[in-house]
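Please read the following report alongside the sequence and the three-dimensional view. It is written for a reader who is meeting this structure here.

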Amino acid sequence: MPPRRIEDAEGRAALAAVQQGETARPVLATAVRWTLQCLADDVPGNSVEVRVPPFAAVQAVPGPRHTRGTPPNVVETDAATWIALATGALTWDEAAAQSRVSASGSRADLTAFLPVRIR
């Protein structure tokens, strides 16, 4: 069963609350999941897995599809860093320089896809 899609209004509200300092886990989880959903919608594909534990992971970016085990292109970060990247408050290069994001694989640089297009 595919994961439940987050409605745009619900996602926007959660993201706005997080940007204003809300720290409640359900609100943060919704904001993370929705922005990841937006990324996957805007950059469909299966060549990069973007992980924001413990909240969600999505596959995005066109290219070779992996079928078993850990994908060759993985991006992993914490929720606060992902929200900052998704909204443009932090650039990919800044996050990488500060070791706030782990990226492995030749397609794991998300610079071209950030900030996420907020609907």
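The sections below go from the overall fold to the strands, the core, one helix and the salt bridges.

## Basis of the description

This is a predicted model, in which local features need pLDDT of at least 70 and side-chain atom pairs count only at pLDDT 80 or more, while totals for chains, interfaces and linings use all residues. Residues are numbered from 1 along each chain as its sequence is written, and side-chain values use heavy atoms, with hydrogens and water left out.

## Overall fold

The protein has four helices and four strands, where helices (H or I, at least four residues) and strands (E, at least two) are DSSP runs numbered from the N terminus. Their order along the sequence gives the pattern α-α-β-β-β-α-α-β.

The C-alpha trace spans about 40 × 35 × 25 Å along its principal axes. The radius of gyration, taken over C-alpha atoms, is 13 Å, which agrees with the value near 14 Å for a compact globule of 119 residues; the globule rule is 2.2 Å times the number of residues to the power 0.38. Of the contacts (heavy atoms within 4.5 Å) between residues at least 6 apart in sequence, 54% join residues at least 24 apart.

## Strand pairing

Two strands are said to pair if DSSP finds at least two bridges between them. Strand E1 (residues 48-52) runs antiparallel to E2, to which five bridges join it, and these two strands form a hairpin with three residues between them. Within this pairing, Val 48 has Ala 60 in E2 as its bridge partner.

E1 also pairs with strand E3 (residues 74-77), here in the parallel sense and over three bridges, and Val 75 in E3 is the bridge partner of Val 50. E3 in turn pairs with strand E4 (residues 101-104) in the antiparallel sense over four bridges, with Glu 76 standing opposite Ser 102 in E4.

## The nonpolar core

Buried residues, meaning those under 20% relative accessible area (exposed is over 50%, partly exposed in between, with a 1.4 Å probe and protein chains only), make up 39% of the 119 residues. A nonpolar core is a set of buried Ala, Val, Leu, Ile, Met, Phe, Trp, Tyr and Cys residues joined through side-chain atoms within 4.5 Å. The largest such core has 35 residues, and those with the most contacts inside it are Val 32, Val 50, Val 75, Trp 82, Ile 83 and Leu 110. Among the elements that each supply at least two residues of this core are helix H1 (8-19), helix H2 (25-42) and strand E2 (56-60), and H2 gives the most, with eight residues.

Which residues does Val 32 touch, not counting residues up to four places away in sequence? Val 32 touches Val 52, Phe 55, Ala 79, Trp 82 and Ile 83.

## Helix H3

Helix H3 is largely enclosed by the rest of the structure, because seven of its nine residues are buried. These are Ala 79, Thr 81, Trp 82, Ile 83, Ala 84, Leu 85 and Ala 86, and they pack against H1, H2, E1, E3 and H4.

At the N-terminal end of H3, Asp 78 acts as a cap, with a side-chain oxygen 3.1 Å from the backbone nitrogen of Ala 80. After H3 comes Gly 88, whose phi is positive, near 85°.

## Salt bridges

Side chains of opposite charge can pair when their charged atoms come close. A salt bridge is a side-chain nitrogen of Lys or Arg within 4 Å of a carboxyl oxygen of Asp or Glu, and a search of the whole structure finds seven of them. Asp 41 forms one with Arg 119, the closest N and O atoms being 3.1 Å apart; this pair links distant parts of the chain, with Asp 41 in helix H2 and Arg 119 in the segment after E4, 78 residues apart. Asp 41, Arg 119, Arg 5 and Asp 8 are linked in a network of salt bridges.

Asp 42 forms a salt bridge with Arg 117, where the closest N and O atoms are 2.9 Å apart, and the two residues lie 75 residues apart in the chain. Asp 42 counts as partly exposed at 29% relative accessibility, whereas Arg 117 counts as exposed at 52%. Another salt bridge joins the side chains of Arg 51 and Glu 49 (2.6 Å, N to O); Arg 51 is partly exposed at 23%, and Glu 49 is buried at 13%.

Terms used:
A polar contact is a pair of N or O atoms within 3.5 Å; within protein, one must be able to donate a hydrogen and the other to accept it, and residues adjacent in sequence count only if both atoms are side-chain atoms.
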